[in-house]
Amino acid sequence: MEGQCSPPMGPPLPLKVAIVGFGQLGQFLYKRIAARSNGIVVTAVWNRTAEKVVEAGVPDTVIVRDLRDLVNRDVDVIIEVAHPEIYKQHGASWLQHAALFVGSPTAFADAVAEGQLRDLSVTSHHAVFLPVGALWGAQDIAKMGDRGTLTALSITMRKPAASMRLEEPLESALQAFMTSTDQVTCVLFDGSVRALCPMAPNNVNTMALAALASGSQVGMDRTRARLIAEKSLEAHVIEIEVVGRCLAGRSDPFRVTTVRYNPCDPAAVTASATYESFYSSLLNVTSTLWSSHKCKGGFVFC
């Protein structure tokens, strides 16, 4: 059940956002917002190393040097583009202060963190916005998940080996593959999304989003994840297979397969087209979703 409040009068002008994380995506968002505005203004920026923010010319009044101080800033939406671990320490306090725009949905492979933030988003009346990024067909998966008509979901991600940022034991498997001379392709993982996320927190956000969209009948534990490294690939390739219910008297279920080919630098963790999609999701929040969800809370795909 979602929280209730008086009907919103529309999005605030401008929408005040904080950017948490100033890597390539954080810098891209800051520069794009500064150049185009589109009803958005950055009122706070944090990075683990503040020098990086200073060198980029961000005004000192905007820089946050201690994440605990973020709740004291005038912010409507906190844009997280840092690391999923950050939610364990700050997610709850952030969500009581502002809406979240999640760049690291692998954080929700932690069932406790997901449950806490789902409940808190309703009681605090602050939405958790989930930008779909590279997840083609996210809204369709979410609709099937809501209706309970989704029976199976699998995602295969093929990426250049050099673009992988993994934790053990996958990191050792990746290094062994990269130094071998007789392999060009390596299946690093084949199992549930929940099991994969802690081992590849920066590489499988698309998988986490799909699992979240799939609803409780499939979810993190029943969404199949396959992570494949390739030496000569110069793109991020995502194949999604969705399977629905069989009609009465039929044995052939509803099925959709999509393949997304996103060219990239072989060492890039995030392909450039995903940056534009992320920014478009932020504009979507500003133009349409903010007014309808800022009071109700809940997880919202955008």
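**A guided tour: one serine and two pockets**

Begin by selecting Ser121, which lies in helix 4. Please note that the structure on display is a predicted model. Is Ser121 buried or exposed? Ser121 counts as buried because its relative accessibility is 0%, and buried means under 20%.

Next, display the surroundings of Ser121. Its side chain reaches the backbone nitrogen of Gly298 at 3.2 Å. Leaving aside neighbours within four places in sequence, Ser121 is in contact with Leu95, His126 and Val128, and also with Lys296, Gly297, Gly298 and Phe299.

Now select helix 4 (111-123) as a whole, together with helix 5 (138-147), helix 8, helix 9 (219-222) and strand 12 (298-301). Each of these elements supplies at least two residues of the lining of the second largest pocket. Which element gives the largest share of this lining? Helix 5 does, with 5 residues. To find the centre of this pocket, select Arg118, Asp146, Leu212, Ala213 and Gly215, which lie nearest to it among the 19 lining residues. The volume of the second largest pocket is about 400 Å³. Coloured by class, its lining shows 8 nonpolar, 5 polar and 6 charged residues.

Finally, turn to the largest pocket, which holds about 990 Å³ of space. Of its 44 lining residues, Leu25, Val81, Ala82, Asn202 and Thr270 lie nearest the centre. The elements giving two or more residues to this lining include helix 1 (24-36), helix 8 (205-213) and helix 10 (272-293), as well as strand 7 (150-160). By class, the lining of the largest pocket comprises 21 nonpolar, 18 polar and 5 charged residues.

Definitions and conventions
Residues numbered from 1 in each chain as written. Predicted model: local features only at pLDDT ≥ 70, side-chain atom pairs only at ≥ 80, totals over all residues. Heavy atoms only, no water. 1 Å grid on protein atoms, 1.4 Å probe; cavity = no way out; pocket = protein on both sides within 12 Å on 5 of 7 lines; lining within 4 Å. Points joined across faces, edges and corners; volume = space filled by probe spheres on them. Helix = DSSP H or I, 4+ residues; strand = E, 2+ residues; numbered from the N terminus. Nonpolar A, V, L, I, M, F, W, Y, C, P; charged D, E, K, R; others polar. Buried < 20%, exposed > 50% of the residue type's maximum accessible area, 1.4 Å probe, protein only. Polar contact = N/O pair within 3.5 Å; in protein donor to acceptor, adjacent residues only side chain to side chain. Contact = heavy atoms within 4.5 Å.
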